[in-house]
Amino acid sequence: MTTRLLVTGGAGFIGSHYVRTLLGPGGPPDVLVTVLDALTYAGNRANLDPIRDDPRCVFVRGDICDAPLVDRVMAGQDQVVHFAAESHVDRSLLDASAFVRTNVQGTQTLLDAALRHGAAPFVQVSTDEVYGSLEHGSWSEDEPLRPNSPYSASKASADLLALAQHVSHGLDVRITRCSNNYGPYQFPEKLIPRFVTLLMDGRKVPLYGDGLHVRDWLHVDDHVRGIEAVRTRGRAGRVYNIGGGTALSNRELVGLLLEACEAGWDSVEYVEDRKGHDRRYAVDSGRIGRELGFAPATDLSAGLAATVAWYRAHRSWWEPLLAHRALPA
Ligand code: NAD
């Protein structure tokens with residue numbers, strides 16, 4: 001039976017990887033995708049070029065906060081995977097309003113339309129950042145939410161609204177909370193593509209504070225496989241953490257990037273720390289492993305090498321985006 005799938009934010013980094021994977025070789029048969037994306041600075045039609053002529057994909061340019069449009073697009077959809085978001089922590093520190101609008105109001109607009117039209121499961125793609133910072137151990141899905149940035153607070157709000165839609169109205173909502181992603185087509189404002197493209201231009205890279213903030217890294221391929229496991233085999237009202245099991249300090253990560261780009265530590269300048277910078281994130285991904293048999297497959301050093309090679313070969317993709325590599329003052 002054909003599944004009609006609405007993918008919001010499908011022109012962004014992870015959403016486009018999801019759509020390309022779904023419609024690529026080995027993807028599920030009989031799936032029809034509608035991408036709903038506002039094409040903000042972070043959205044890019046070129047991210048969907050590999051499947052541009054695929055008749056199984058329809059692209060709608062539009063805002064998830066536009067309730068009449070969302071209602072029209074949702075009609076006839078069977079399921080939803082919701083990626084659309086304002087996604088950059090640093091931008092949320094400069095102005096949080098777009099984060100509240102898109103991540104909170106936009107998510108509720110989609111949840112209401114999904115309920116009206118019976119589109120479920122509704123997969124809410126969230127982040128490990130909703131748990132806040134922790135010194136030791138790792139977060140399970142039952143951990144209380146203690147977000148510290150406007151970005152993570154807006155994602156936590158969206159998660160709570162999604163769970164409320166499940167409890168109050170019985171909508172089959174499933175939430176994924178993933179660690180930091182890397183891979184091709186990531187907008188060059190985020191750490192890995194920003195540093196790689198700066199190094200490729202022979203420029204210095206800015207490292208926040210003492211560089212000892214710890215993050216878990218997951219290749220975007222693994223993230224989209226995890227989301228697909230949750231969409232197809234997950235349980236209603238359940239949260240699933242997705243992590244790579246590869247914790248690195250930012251200093252360690254930068255060391256790997258310098259090596260891959262054949263640059264030295266003289267290319268690094270330490271800059272004032274980000275406000276409220278969470279010290280350490282670590283997710284416990286046991287549940288998705290036990291219940292859905294999911295495990296990440298991409299080795300970090302191989303994944304990073306392939307990512308750096310992709311940016312080296314795709315200057316024509318990232319060069320036009322460089323105006324956004326650093327934030328507006
Ligand atoms: P991205 O910024 O690359 O893409 C976001 C997409 O959403 C863009 O195509 C943009 O045009 C679209 N969008 C923004 N506002 C919109 C609106 N109002 N209406 C319609 N479309 C809109 O983000 P990403 O890195 O691909 O992240 C996708 C999702 O995954 C987000 O929800 C994010 O919170 C989550 N996530 C990201 C990471 C990561 O490391 N990047 C990790 C965990 C979870």
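This is a friendly dialogue about reading a predicted model of a protein with its ligand.

Reader: Let's start with the ligand. Which residues are closest to the ligand?

Author: A good habit is to begin with the neighbours. Here 28 residues surround the ligand, and the closest are I14, D37, S87, Y151 and K155.

Reader: What classes of residue make up the shell around the ligand?

Author: Sorting a shell by class shows its character. This shell has 13 nonpolar, twelve polar and three charged residues.

Reader: Where do I look for polar contacts with the ligand?

Author: Look for pairs of N or O atoms within 3.5 Å. A backbone N or O atom of I14 is 2.8 Å from an oxygen atom of the ligand. For I64, a backbone N or O atom lies 3.0 Å from a ligand nitrogen atom. T102 uses its side chain instead: one of its N or O atoms is 3.0 Å from a nitrogen atom of the ligand.

Reader: How much of the ligand does the protein bury?

Author: Compare the ligand alone with the ligand in place. Alone, the ligand exposes 840 Å², and the protein buries 96% of that.

Reader: Which elements give two or more residues to the shell around the ligand?

Author: They are α1, β5 (122–127), α5 (150–169) and β7 (180–182). The most come from β5, which gives three residues.

Reader: Now a single residue. Is G15 buried or exposed?

Author: To decide, check the relative accessible area against a cut-off: under 20% is buried and over 50% is exposed. G15 has 2% relative accessibility, so it counts as buried. G15 is in helix α1, residues 13–22. Leaving aside residues up to four places away in sequence, G15 touches G9, G10 and F83.

Reader: What about H223, buried or exposed?

Author: H223 is buried, because its relative accessible area is 2%. H223 lies in helix α7, residues 220–233. Beyond residues up to four places away in sequence, H223 touches I14, V125, T176, C178, N181, L218 and I242. You have met I14 already, as one of the residues closest to the ligand.

Reader: Why should I look for nonpolar residues in groups?

Author: In soluble globular proteins, nonpolar side chains tend to be buried together. In this model, the largest nonpolar core has 28 residues, and L6, M74, L110, F122 and V173 touch the most other members. The elements giving two or more residues to this core are α2 (67–74), α4 (97–117), α5 and β6 (173–178). Apart from it lies another core, of 26 residues, including F187, W217, V254 and L321.

Reader: What does V173 touch?

Author: Not counting residues up to four places away in sequence, V173 touches L111, F122, A162, H166, R235, A236, G237 and R238.

Reader: Last topic: the backbone. Which residues does a cis peptide bond join?

Author: Omega is the angle to read. A cis peptide bond joins A120 and P121, with omega about 5 degrees. P121 sits in the loop between α4 and β5.

Reader: Which residues have a positive phi without being glycine?

Author: L39 is one, with a phi of about 50 degrees. L39 is in the loop between β2 (31–37) and β3 (57–61), and L39 counts as buried because its relative accessibility is 18%. Y185 is another, with phi near 65 degrees. Y185 lies in the loop between β7 and α6 (191–200), and a relative accessible area of 13% makes Y185 buried.

Conventions
Residues are numbered from 1 along each chain as its sequence is written. This is a predicted model: local features need pLDDT of at least 70, side-chain atom pairs count only at pLDDT 80 or more; totals for chains, interfaces and linings use all residues. Side-chain values use heavy atoms; hydrogens and water are left out. Helices (H or I, at least four residues) and strands (E, at least two) are DSSP runs, numbered from the N terminus. Buried means under 20% relative accessible area, exposed over 50%, partly exposed in between (1.4 Å probe, protein chains only). Contact means heavy atoms within 4.5 Å. A residue is near a molecule or strand if one of its heavy atoms lies within 4 Å of it. A polar contact is a pair of N or O atoms within 3.5 Å; within protein, one must be able to donate a hydrogen and the other to accept it, and residues adjacent in sequence count only if both atoms are side-chain atoms. Accessible areas come from the Shrake-Rupley method with a 1.4 Å probe; for residues, only the protein chains shown count as cover. Ala, Val, Leu, Ile, Met, Phe, Trp, Tyr, Cys and Pro count as nonpolar, Asp, Glu, Lys and Arg as charged, and the others, Gly among them, as polar. A nonpolar core is a set of buried Ala, Val, Leu, Ile, Met, Phe, Trp, Tyr and Cys residues joined through side-chain atoms within 4.5 Å.
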